[in-house]
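Here is a short briefing on one protein model. Look at the sequence and the 3D structure first, then read the points by topic.

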Amino acid sequence: MSAEIPDKSYFKIGEVSRILGVEPYNIRYWESQFRFLSPAKNRSGNRVYTRREVEFVLLVKHLLYTEKFTIEGARQR
């Protein structure tokens, strides 16, 4: 889980996608599967992730891709 998160407070989904190295549709799917991942939306309706949410998505990616958990297993973890 050694992705470098830039020193800022809010991130767009494209930025989170580049940080994690996954497509935005993966992140949107994970939002539907993990209830505590629900980014706010700005006035334009775009997702805006906090630093804590980016760290959480990084953990989800680690559990799914490195530890080989299923979605259900990662949710329980």
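**Glutamate 4 and the model as a whole**

Glutamate 4 is exposed, with a relative accessible area of 70%; exposed means over 50%, buried means under 20%, and partly exposed lies in between, using a 1.4 Å probe and protein chains only. This is a predicted model, in which local features need pLDDT of at least 70 and side-chain atom pairs count only at pLDDT 80 or more, while totals for chains, interfaces and linings use all residues. Residues are numbered from 1 along each chain as its sequence is written, and side-chain values use heavy atoms, with hydrogens and water left out.

**Overall build**

- The protein has four helices and three strands; these are DSSP runs numbered from the N terminus, with helices (H or I) of at least four residues and strands (E) of at least two.
- Starting at the N terminus, the order of the elements is β-α-α-β-β-α-α.
- The radius of gyration of the protein is 12 Å, which agrees with the value near 11 Å that a compact globule of 77 residues would have. This radius is taken over C-alpha atoms, and the globule rule is 2.2 Å times the number of residues to the power 0.38.
- The C-alpha trace spans about 35 × 25 × 20 Å along its principal axes.
- Among contacts with a separation of 6 or more, 52% join residues 24 or more positions apart; contact means heavy atoms within 4.5 Å.

**Surface and charge**

- Of the 77 residues in the protein, 36% are buried.
- The accessible surface is about 5300 Å², and carbon and sulfur atoms hold 47% of this area. Such areas come from the Shrake-Rupley method with a 1.4 Å probe, and for residues only the protein chains shown count as cover.
- The protein has 14 positive and 9 negative charges, and the mean positions of the two sets are 5 Å apart. Lys and Arg count as positive and Asp and Glu as negative, whereas His and the chain ends are not counted. Each charge is placed at NZ of Lys, CZ of Arg, CG of Asp or CD of Glu.

**The nonpolar core**

- The largest nonpolar core has 21 residues, of which Val16, Leu20, Trp30, Phe34 and Tyr49 touch the most other members. Such a core is a set of buried Ala, Val, Leu, Ile, Met, Phe, Trp, Tyr and Cys residues joined through side-chain atoms within 4.5 Å.
- At least two residues of this core come from each of helix H1 (13-20), helix H2 (24-33), helix H3 (51-66) and helix H4 (71-76).
- H3 gives the most to this core, with seven residues.

**Three residues of helix H1**

- Valine 16 is found in helix H1 and is buried, with a relative accessible area of 0%.
- Which residues does valine 16 touch, not counting those up to four places away in sequence? They are Phe11, Ile27, Tyr49, Val54 and Val57.
- Valine 16 and valine 54 are 38 residues apart in sequence, and their C-alpha atoms are 6.7 Å apart in space.
- Serine 17 also has its place in helix H1 and is buried, at 11% relative accessible area.
- Leaving aside neighbours within four places in sequence, serine 17 is in contact with Val22, Glu23, Pro24 and Ile27.
- Glycine 14 lies in helix H1 and is partly exposed, with a relative accessible area of 26%.
- From C-alpha to C-alpha, glycine 14 and isoleucine 27 are 9.9 Å apart, with their positions 13 residues apart in sequence numbering.

**Exposed residues elsewhere**

- Glutamate 4 sits in the segment before strand E1 (10-12). Its C-alpha atom is 7.0 Å from that of isoleucine 19, and the two residues are 15 apart in sequence.
- Lysine 68 is in the loop between H3 and H4 and is exposed, with a relative accessible area of 64%.
- Most residues other than glycine have a negative phi. Lysine 68 is not a glycine, yet its phi is positive, at about 65°.
- Glutamine 76 is in helix H4 and counts as exposed at 64% relative accessibility.
- Glutamine 76 and phenylalanine 34 are 42 residues apart in sequence and 10.0 Å apart in space, taken from C-alpha to C-alpha.
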